[in-house]
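Student: Could you walk me through this structure, one question at a time?
Tutor: Happily! Have a look at it first, and then we can talk.

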Amino acid sequence: LKASQLAIQKVGWGAPFIENHDQPRASSKYLKEDAENPEAVKAMAMLYFFLRGTSFIYQGQEIGMINAQRSSIAAFDDISSIDQYHRGMQEGLSQEEALAVINKRSRDHSRTPMQWDDTTYAGFSDQEPWLAMAGNNPQLTVEYQEKDKSSILNFYKEMIAFSKGEWAELLTFGDISFPKSDDDTIFQYRRQYKGKSLLIIVNFSNQERKTTINKPLTNILFHNLAKVTLNQKYITLEPFAALILEEN
């Protein structure tokens with residue numbers, strides 16, 4: 001992220017994203033055992049959403065959809081996944097090993113039907129779709145999350161609103177830089193424009209972390225629900241805490 005952002009900044013404009021139709025679901029790929037932790041998913045969203053460029057949101061990402069676990073290669077539709085499964089066995093993998101690889105990497109993970117509600121086919125259709133649903137967690141549906149003020153969906157709405165509010169000019173046109181961090185599980189970036197500056201800090205870890213700061217910062221403009229403690233010299237972040245600070 002750092003390398004691409006700094007390189008693109010010199011010549012033009014980027015399009016930050018963490019999911020598309022050719023990748024597994026970001027929650028499963030990056031968060032692993034924390035894939036269904038709402039605060040972890042929100043932290044991952046903040047990790048990329050305020051980077052320099054036009055940020056894209058892929059369908060289902062905004063409710064934290066996860067990878068599907070299939071018990072048979074017959075459940076996959078993606079020709080690349082099917083080819084890789086058979087190639088894996090030609091290279092010496094067992095059926096179970098080859099299937100485990102596909103369950104991690106298949107493009108079909110991001111192509112499962114959008115989960116609108118908790119009905120049989122998730123409100124996507126009243127007929128059986130071309131792929132089985134990704135899961136049966138009723139909390140990973142639009143209907144459920146629209147009613148939950150602290151949901152991933154409403155957090156995405158809040159991020160969009162923040163990006164279009166008072167700080168829209170800075171977040172649109174501002175330069176990006178990356179302060180040095182004393183912890184490689186903490187991702188930080190700074191957006192600056194016309195003498196104003198925002199610092200985005202994300203604890204991309206399931207452990208509490210501390211990061212030092214050069215000067216006292218007190219004005220938290222935006223954050224997820226994970227708690228943050230501000231000190232004169234450092235910030236303590238709960239697991240997957242993410243926030244935006246105004247720098248004076």
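What follows is a short conversation about two helices, a few loops and a surface patch in this predicted model.

Student: Let's start with α4: how far apart are its end C-alpha atoms?
Tutor: Helix α4 covers residues 79-90. At 1.5 Å a residue, its 12 residues should span 16 Å. The model agrees with that expectation, as the end C-alpha atoms are separated by 17 Å.

Student: Which residues of α4 are buried, and within what arc do they fall?
Tutor: The buried residues of α4 are Ser81, Tyr85 and Gly88. Looking down the helix axis, you would find that they line one face, because the buried residues of α4 fall within an arc of 65°.

Student: Which exposed residues sit on the face of α4 turned away from its buried side?
Tutor: The buried residues of α4 pack against α5. On the face turned away from that buried side, the exposed residues are Ile79 and Gln90.

Student: Which residue with a positive phi follows α4?
Tutor: Just follow the chain on from the helix. The residue there has a phi near 115°, and its name is Gly92.

Student: Now for α5: within what arc do its buried residues fall?
Tutor: Helix α5 runs over residues 95-105. Its buried residues are Ala98, Leu99, Ile102 and Asn103. Seen down the axis, they line one face of the helix, since they fall within an arc of 140°.

Student: And which exposed residues are on the face of α5 turned away from its buried side?
Tutor: Start from the buried side, where the cover over the buried residues includes α4. The face of α5 turned away from there carries the exposed residues Glu96, Lys104 and Arg105.

Student: Is Ile102 buried or exposed?
Tutor: Ile102 lies in helix α5. Leaving out residues up to four places away in sequence, Ile102 touches Ile73, Phe76, Ser81, Gln84, Tyr85 and His109. Its relative accessible area is 2%, and buried means under 20%, so Ile102 is buried.

Student: What distance separates the C-alpha atoms of Ile102 and Ser80?
Tutor: Along the chain, Ile102 and Ser80 are 22 residues apart. In space, their C-alpha atoms are separated by 9.7 Å.

Student: Which residues form a nonpolar patch on the surface?
Tutor: One member is Phe124, in the loop between α5 and α6 (142-147). Phe124 has a relative accessible area of 37%, so this residue is partly exposed. The patch has about 350 Å² of accessible area in total, and its members are Trp116, Phe124 and Trp130.

Student: Which residues is Ser205 in contact with, leaving aside its neighbours within four places in sequence?
Tutor: Ser205 belongs to the loop between β3 (196-203) and β4 (209-212). Ser205 is buried, with a relative accessible area of 7%. Its contacts beyond those neighbours are Thr185, Pro239 and Phe240.

Student: What is the phi of Lys32?
Tutor: Lys32 is in the loop between α2 (26-31) and α3 (38-49), and with a relative accessible area of 56% it is exposed. Most residues other than glycine have a negative phi. Lys32 is not a glycine, yet its phi is positive, at about 55°.

Student: Last one: what is the phi of Lys194?
Tutor: You can find Lys194 in the loop between β2 (186-193) and β3. At 61% relative accessibility, Lys194 counts as exposed. Its phi is again a positive value in a residue other than glycine, near 50°.

Technical notes
Residues numbered from 1 in each chain as written. Predicted model: local features only at pLDDT ≥ 70, side-chain atom pairs only at ≥ 80, totals over all residues. Heavy atoms only, no water. Patch = residues over 30% accessible without salt bridge, like charges linked within 9 Å, V, L, I, M, F, W, Y side chains within 5 Å. Areas by Shrake-Rupley, 256 points an atom, 1.4 Å probe, with all protein chains shown as cover. Salt bridge = Lys/Arg side-chain N within 4 Å of Asp/Glu carboxyl O. Helix = DSSP H or I, 4+ residues; strand = E, 2+ residues; numbered from the N terminus. Buried < 20%, exposed > 50% of the residue type's maximum accessible area, 1.4 Å probe, protein only. Arc of directions from axis to C-beta. Contact = heavy atoms within 4.5 Å. Expected span 1.5 Å × (residues − 1).
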